[in-house]
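User: I'm new to reading protein structures, and I'd like a close look at a single part. Could you take me through the pockets, one step at a time?

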Amino acid sequence: MTDTLDKPLDRPTPKAGILDISPYVGGKAKAAGYAEPIKLSSNENILGCSSKAIAAYAAAAEQLNLYPDGQANRLRAAISEKFALEPERLVFGCGSDELFALICQVYCEPGDNIVQGQYGFLAYRIAGRAAQAEVRFADEPDLRINVDKVLDQVDARTKVVFIANPSNPTGTWNTRDEIARLHAALPKHTILVLDGAYAEFADAPDYSDGIDLARAMDNIIITRTFSKAYGLAALRVGWGYAPLAVADAIERIRPPFNVNIPAQAAALAALADDDFIEQSRALVQTWRPWLAQQLGGLGLEITASQGNFLLVQFPDKPGRTAAEAEVFLASRGVLVRGVAGYGLPRGLRITIGREADNRAVADGLAAFLAQGTQR
Ligand SMILES: Cc1ncc(COP(=O)(O)O)c(C=O)c1O
């Protein structure tokens, strides 16, 4: 035992802050009495995925004895071509979640901070705290990232600002001009992460995924995922487009085989299946306004969304609350996501489904509210 330890510990002890982290809890997958509930609780792709991706995944079964290509070179080349990006600036993660963790591990140390929106995605705060950074939350008036509120939180020790655009669980988005203004006001040493997990579903004319801004900047990382529009959530493939020096730093600690062979193969096939992506996008863009209108017509508060989901807020009255609505829908075989953990206790987040799924939500909530009225 050296005398450099102040006090010897009698058990393995996590470093400071780890036990203050609340573990991530995913959306519910089971509804009592339903073998196959309508699962609208995790913003997955209700259409499944490209049949070409399934075939590529199955073919990869022949290679289970091999380590994957640690550079994901074929996938790298395909993404580079499709999005017109320099291949050497791409980094791959076991889901984009892993990239958030790697970014914080590379750039944050105790005394540093990260900034995210008040209602921002839970994975950012876990990544920041795991790297022993302080996590700062910028108020989101109107459930939307506000550039000035974000900048109010930024100081010389801010290493990363995480912005999901569109955001989860609110579905709100920031315009191209807002993102450019935010970036222009950040210190040069602060990385702006623009998480485009839902970018494919956006159709607002003022929306931009930020890739064009990122091309020429030394401190922007774009992250994207195969989990949503491409329907490959099970396989965990995310990618980032980073400045060369940032990509180089991340590569030094990235687990070398973090994207496995079936995942790389399926992602490559999915990327090439434009028809499937188009169908996924069209489904969301058709039914998102429909569901918003139906639920708004029931008197529920709907937040305009550019994601594949809607945030729906309920009254704070017994018999009409979000928690009760969640239970009621589950009793009809429809699973949605309560978002109290995001600081939105009156909210449910509902993934856009196929026509019958969306009608089941609208009919279910109409019945729920009618029942509440009779109390
Ligand atoms: C805003 C946002 N970013 C990233 C992700 C995670 O994506 P992945 O499956 O690539 O880890 C999600 C998943 O729900 C998300 O909502």
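Analyst: Helix 4 (122-130) and strand 12 (337-338) each give at least two residues to the lining of the second largest pocket. Bear in mind as you look that this is a predicted model. Of these elements, start with helix 4, since the largest share of that lining, four residues, comes from it. The second largest pocket has a volume of about 320 Å³. A total of 19 residues line it, and those closest to its centre are Pro 23, Val 25, Leu 122, Arg 337 and Gly 341. Try finding Leu 122 in the 3D view: helix 4 covers residues 122-130, and Leu 122 is one of the residues closest to the pocket's centre. Arg 337 is another of those closest residues, and strand 12 covers 337-338. Sorted by class, the lining of the second largest pocket has nine nonpolar, five polar and five charged residues.

Now move over to the largest pocket. About 450 Å³ of space lies in it, and its lining is made up of 25 residues. Nearest its centre you will find Tyr 24, Ser 42, Asp 97, Phe 121 and Lys 228. Here helix 3 provides the largest share of the lining, with three residues. The classes in this lining are nine nonpolar, eight polar and eight charged.

What takes up the space of the largest pocket? It is the ligand. Around the ligand stand 14 residues, and the closest are Ser 96, Asn 168, Asp 195, Thr 225 and Ser 227. Helix 3, which spans residues 96-107, again turns up here, giving three residues, the largest share of the shell around the ligand. That shell holds five nonpolar, five polar and four charged residues.

Next, zoom in on some individual atoms. In the side chain of Asp 195, an N or O atom is 2.5 Å from a nitrogen atom of the ligand. Lys 228, which we met among the residues nearest the centre of the largest pocket, has an N or O atom in its side chain 2.9 Å from an oxygen atom of the ligand. Arg 236 joins in too, with a polar side-chain atom 2.7 Å from a ligand oxygen atom. How much of the ligand does the protein bury? Taken alone, the ligand exposes 400 Å², and the protein buries 94% of that.

How values were computed:
Residues are numbered from 1 along each chain as its sequence is written. This is a predicted model: local features need pLDDT of at least 70, side-chain atom pairs count only at pLDDT 80 or more; totals for chains, interfaces and linings use all residues. Side-chain values use heavy atoms; hydrogens and water are left out. A residue is near a molecule or strand if one of its heavy atoms lies within 4 Å of it. A polar contact is a pair of N or O atoms within 3.5 Å; within protein, one must be able to donate a hydrogen and the other to accept it, and residues adjacent in sequence count only if both atoms are side-chain atoms. Accessible areas come from the Shrake-Rupley method with a 1.4 Å probe; for residues, only the protein chains shown count as cover. On a 1 Å grid over the protein atoms alone, a cavity is a set of points where a 1.4 Å probe fits but cannot get out, and a pocket is an open set with protein on both sides within 12 Å along at least five of seven lines; lining residues have an atom within 4 Å of a point. A molecule sits in a cavity or pocket if more than half of its atoms lie within 2 Å of its grid points. Ala, Val, Leu, Ile, Met, Phe, Trp, Tyr, Cys and Pro count as nonpolar, Asp, Glu, Lys and Arg as charged, and the others, Gly among them, as polar. Grid points are joined across faces, edges and corners, and a volume is the space filled by probe spheres set on the points.
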